[in-house]
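Dear colleague,

I am passing on a structure that I would like you to look over before we discuss it. It appears just below, and my notes on what was found in it follow.

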Amino acid sequence: MKKSMAFTNGIIIAFMVLVNGMLAKAVGNYLALIIFFGVGLIISAIIIVFKKEQKNIFTNIPKYLLISGGLGVVNIFLNNVCVNEIGVALTLGLCLTGQIIFSAVFENFGFFGVIKKKLTIKKLPGYLLIMIGAAVMVVMGVA
Amino acid sequence: MIYGILAFITGIVLVFTTTFNSKIGTLKSVSVSAFINFLIGLFTAGIVMLLFYETINVQITSGDWFIFTGGFIAVFIVMISNYVIANIGVFFATLLSVAGQLIMGTLIDWIRSGVYPIWPTVGGILIVLGLLYIHQVEKKENEKGATNG
């Protein structure tokens, strides 16, 4: 049950990327960002009020963590641009490759307090396979 | 080619956002983390809009209402993935989510273009195989560590 939820989450992500791309096509890249973050803000605000978590929201949060909201804008913007040019499957496939490889880098060095996980030589064939997968997509798919 | 590289860069940026968000999530809660994200995101999007805005012809019909649901869906994706990771672990959560994304992405492109996207499938299978291989190595390394230590 919980495993099928993880799979379903993947399906929903693909659907969201498609929907955002369609919005960007209909209203333009910049207005699409406002709508996406505006709707998300309203929904998450309703949830925290419902869960009574609205007090002291910004206390004790290191300032640099707040940059992730700005980076989120970069994410959605790039996703919207890419989906409309190369489709959902390639956008997600290449985005996932970037995530997998940089997660490994973060874990190897323990950046920002991430739990350290050494990148051993034995794991390299796995990462090589992933990069070949990405190369196949870029060279054959995007062209 | 350029869009492929941009999609890859999106993945790199996502590692930063995921790391930062989960830190806010542990300091506060997942819903507060989502709220802060959308708030700062909206503020940033506003600045971007002021700097680069160009008027375009907005063409929306009433049947297109669902294109506004992205932000709504995003909130639930954050909630679900947090719940799933806590229950089945990062690895299986990632693997199954990757599979779901690639299969659904392929279906969407297939339906929209009428042509089966063969290369994302080949690449996707290689990515999943790579993830399984890394998982096997990690499992063995952990067993070794457990017996040695």
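To begin with enclosed space in this model, which is predicted, the search gave one cavity of 30 Å³ or more. That largest cavity holds about 40 Å³ of space, and its lining is made up of Ala104(A), Glu107(A), Lys117(A), Lys118(A), Leu119(A), Lys123(A), Tyr127(A) and Glu138(B). Sorted by character, the lining residues of the largest cavity comprise three nonpolar, no polar and five charged.

Two of the residues in that lining, Lys123(A) and Glu138(B), also meet through their side chains in a salt bridge, with a distance of 3.3 Å from N to O. Between chain A and chain B the count is two salt bridges, and the pair just named is one that joins Glu138(B) to Lys123(A).

As for the interface as a whole, chain A brings 101 residues to the contact and chain B brings 96 residues. The area buried between the two chains comes to about 9100 Å², and carbon and sulfur atoms account for 81% of that area.

Turning to open space, the second largest pocket has a volume of about 220 Å³. It is lined by 14 residues, and the closest to its centre are Ile86(A), Leu90(A), Gly141(A), Pro117(B) and Pro120(B). Four helices each supply at least two residues of the lining of this pocket, namely α3 (67-86) and α5 (124-142) of chain A, together with α4 (90-113) and α5 (118-148) of chain B. By character, the lining of the second largest pocket divides into 10 nonpolar, two polar and two charged residues.

Finally, chain B is divided into domain 1, covering 1-55 + 66-88, and domain 2, covering 89-149. In the contact between them, domain 1 of chain B takes part with four residues and domain 2 of chain B with five residues, while the C-alpha centres of the two domains lie 22 Å apart. The area buried between these domains of chain B is about 340 Å², with 70% of it coming from carbon and sulfur atoms. On the domain 1 side, Val84(B), Ile85(B) and Ile88(B) supply 100% of the area that this domain buries against domain 2 of chain B, which is more than any other three residues give. The count of salt bridges between domain 1 and domain 2 of chain B is zero.

With best regards

Definitions and conventions
Residues are numbered from 1 along each chain as its sequence is written. Chains are lettered from A and ligands numbered from 1 in the order in which they are written. This is a predicted model: local features need pLDDT of at least 70, side-chain atom pairs count only at pLDDT 80 or more; totals for chains, interfaces and linings use all residues. Side-chain values use heavy atoms; hydrogens and water are left out. On a 1 Å grid over the protein atoms alone, a cavity is a set of points where a 1.4 Å probe fits but cannot get out, and a pocket is an open set with protein on both sides within 12 Å along at least five of seven lines; lining residues have an atom within 4 Å of a point. Grid points are joined across faces, edges and corners, and a volume is the space filled by probe spheres set on the points. Ala, Val, Leu, Ile, Met, Phe, Trp, Tyr, Cys and Pro count as nonpolar, Asp, Glu, Lys and Arg as charged, and the others, Gly among them, as polar. Domain bounds come from an automatic or database domain assignment. Contact means heavy atoms within 4.5 Å. Buried area is the accessible area (1.4 Å probe) that two parts lose on being put together, summed over both. A salt bridge is a side-chain nitrogen of Lys or Arg within 4 Å of a carboxyl oxygen of Asp or Glu.
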